[in-house]
Amino acid sequence: MRHLLSTSDLSLEEAVRILDTTAQMAATQEREVKKLPTLRGRTVVNLFFEDSTRTRISFETAAKRLSADVINFSAKGSSLSKGESLKDTALTLKAMGADAVIIRHQASGAPYTLAHAGWLDAPVINAGDGTHQHPTQALLDAYTIRRHLMGETMGEPDSIGVVGKDLSGLKIVIVGDVLHSRVARANVYLLSTLGAQVTLVSPPTLLPVGVETWPCQISYHLDEAIDQVQPDAIMMLRVQRERMSSAGGGFFPSPLEYTRIYGLDAKRLGRLPEHAIVLHPGPMNRGLEISAQAADSPRSVIVEQVANGVAVRMAVLYLLLTGESSAGTAAHPTGKENS
Ligand code: NCD
C-alpha cells in the first residue's frame, strides 16, 4: 500500500491490518501522555480545498500525536484553475519536503491525480474527494463496528484488542443521501471486503447511477429494511443540502416528508435488535435524518466515532510513512523501539 485513495483498492488482509494497527494506536491514547515519537522529523501536509472541521482536525491531531510536523494548507478561494493549482501546489509541497499529503477536494479523482501525475513522491491520503471516496471515514466506521460487535458480548464495546477479525456475519444498513455521499460508497466497498452484508436504504432519487453494481443490497423502505434485515448496525447519512440547489433540491418532496420516511427516530430505534448500534459520520442534521433522541441514545456511537478517527488516522499515517504495510512486520508501531 503506497497511497490510501479508495477503499475499493484495499484487500481483506490490508483492511484488517489497518484495523489492528488502529487498536494498537487506540491503546496508546488511553495513556496520560498520548504523544509517540514514531514520526519525529517527518512533515505531513493537510491540503484542504473543501470545508471540513472534524476530518482536518482529526488528521492534524493524529499526525501530531505521532510527533510529525504538520502544515495546514487551506486552498479554498484560490482563483487558479483546478488542474493548474493542483500541479503548482504539488510542486510547492515537494520543494518543501512534504513526507505525506492528505488531500480533501471537491472534485472526485483529485487525490488520484495528485498521487499518480508524477508531481510528488510522497504518499497521498484521500480525506474525501467530491462524491467519490472517504477511506479513513469508512475505516473508522469499520473499527467502531468491530469493537462493538465482534467481541464476546454484542453491543458492548470490547477491550480494544479485538484483533485479527473481519466483520463476517454482520448486517449493516446505511440510510439516506447515498447520491452525494463519499462515506456511503467508501463504506459499501470496505464493509463488504470485510465480510459484512450491506444494505443501502434511500429514496430512488438519492441513489447514484450504477449503484446496482456496488457490492450491496438496495431498499427504498426503511421500516421494511429494519424488519427484514434486523441490522447489527445502522448508519445514518447526512442530507447534503449544500450539494443540492434548494432545500430538498427536488430530490425529495419536503424535509418533513424525508424525516417521516427515512429519519431515525425513537420509534424506529426501538425496532432495531437490542444490540444494534447507531452511527453517523457527522456533521448531523438533527431533526432531519436523525432525531435528537436517536443521536443521544445509549446505542449511539457517534462521539466514539470521532475518537476512533484519530486512532485510525494515526494507523494509516504510520503504515504509509514507515512502509510497514505488509502483514507480519511493524511489531511496534507505538514507539517502543523508538523511544
Ligand atoms: C463526511 C464528509 O465530509 O464526507 N463528513 C466527515 O468527513 N466527517 C460526511 C458529510 O459531510 O456528511
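These legends accompany close-up views of a predicted model.

**Figure 1. An overview of the protein and its secondary structure.** Before zooming in, it helps to have the whole chain in mind. The predicted model holds eleven helices and nine strands. Of its 339 residues, 56% count as buried. Among contacts with a separation of 6 or more, 75% link residues 24 or more positions apart. The views that follow pick out some of these elements.

**Figure 2. Helix H5 packs against helix H11.** A pair of packed helices is described by the angle between their axes and the distance between those axes. Here, H5 (residues 135-149) and H11 (residues 302-322) meet at about 115 degrees, and their axes are 8 Å apart. The crossing of H5 and H11 is right-handed. On the H5 side, the contact is made by Thr136, Gln137, Leu139, Leu140, Asp141, Tyr143, Thr144, Arg147 and His148. Facing them from H11 are Glu304, Gln305, Asn308, Gly309, Val312, Arg313 and Val316. By type, the residues of this contact divide into five nonpolar, seven polar and four charged.

**Figure 3. A closer look at helix H5 and its surroundings.** With 15 residues at 1.5 Å a residue, H5 should span 21 Å. Its end C-alpha atoms are 21 Å apart, which agrees with that expectation. As for its setting, 15 of the 15 residues of H5 are buried, so the helix is largely enclosed by the rest of the structure.

**Figure 4. Helix H1 and the elements that cover it.** Helix H1 covers residues 12-28, and its 17 residues should span 24 Å at 1.5 Å a residue. The C-alpha atoms at its ends are 25 Å apart, in agreement with that value. Twelve of the 17 residues are buried, so H1 is largely enclosed by the rest of the structure. Among these buried residues are Ala15, Val16, Ile18, Leu19 and Met25. Arg17 and Asp20 of H1 are buried as well. What covers them? The cover over the buried residues of H1 includes H5, helix H6 (182-193) and H11.

**Figure 5. Alanine 311 of helix H11 touches residues of the N-terminal part of the chain.** Alanine 311 is found in H11, and it is buried, with a relative accessible area of 3%. Leaving aside residues up to four places away in sequence, alanine 311 touches Thr22, Met25 and Ala26. Threonine 28 lies 283 residues from alanine 311 along the chain, and the C-alpha atoms of the two are separated by 9.0 Å.

**Figure 6. Glutamate 50 and its partner arginine 182.** Glutamate 50 sits in the loop between strand S1 (43-48) and helix H2 (54-65). Is this residue buried or exposed? Glutamate 50 has a relative accessible area of 15%, and it is therefore buried, since the cut-off for burial is under 20%. Its side chain is joined to the side chain of arginine 182 by a polar contact of 2.9 Å. Beyond four places away in sequence, glutamate 50 touches Arg104, His105, Gln106, Arg182 and Arg243.

**Figure 7. Backbone features at serine 67, glutamine 230 and proline 283.** Most residues other than glycine have a negative phi, and most peptide bonds are trans. Serine 67, in the loop between H2 and strand S2 (69-74), has a positive phi near 70 degrees. At 16% relative accessibility, serine 67 counts as buried. Glutamine 230 also has a positive phi, of about 50 degrees, and its place is in the loop between helix H7 (222-229) and strand S8 (233-236). Glutamine 230 is partly exposed, with a relative accessible area of 34%. The peptide bond that joins glycine 282 and proline 283 is cis, with omega about -5 degrees. Proline 283 belongs to the loop between strand S9 (277-279) and helix H10 (292-295).

**Figure 8. Serine 291 and its contacts with residues 26 or so places back, viewed around aspartate 265.** Serine 291 is placed in the loop between S9 and H10. With a relative accessible area of 17%, serine 291 is buried. Serine 291 and aspartate 265 are 26 residues apart in sequence, while their C-alpha atoms are 5.1 Å apart in space. Not counting residues up to four places away in sequence, serine 291 touches Leu264, Asp265 and Ala266.

Methods. Residues are numbered from 1 along each chain as its sequence is written. This is a predicted model: local features need pLDDT of at least 70, side-chain atom pairs count only at pLDDT 80 or more; totals for chains, interfaces and linings use all residues. Side-chain values use heavy atoms; hydrogens and water are left out. Axes are lines fitted to C-alpha atoms, for helices over the stretch in contact, and angles run from 0 to 180 degrees between N-to-C directions. Helices (H or I, at least four residues) and strands (E, at least two) are DSSP runs, numbered from the N terminus. A crossing is left-handed if the near helix is turned anticlockwise from the far one by less than a right angle, and right-handed if clockwise. Contact means heavy atoms within 4.5 Å. Ala, Val, Leu, Ile, Met, Phe, Trp, Tyr, Cys and Pro count as nonpolar, Asp, Glu, Lys and Arg as charged, and the others, Gly among them, as polar. The expected span of a helix is 1.5 Å times one less than its number of residues. Buried means under 20% relative accessible area, exposed over 50%, partly exposed in between (1.4 Å probe, protein chains only). A polar contact is a pair of N or O atoms within 3.5 Å; within protein, one must be able to donate a hydrogen and the other to accept it, and residues adjacent in sequence count only if both atoms are side-chain atoms.
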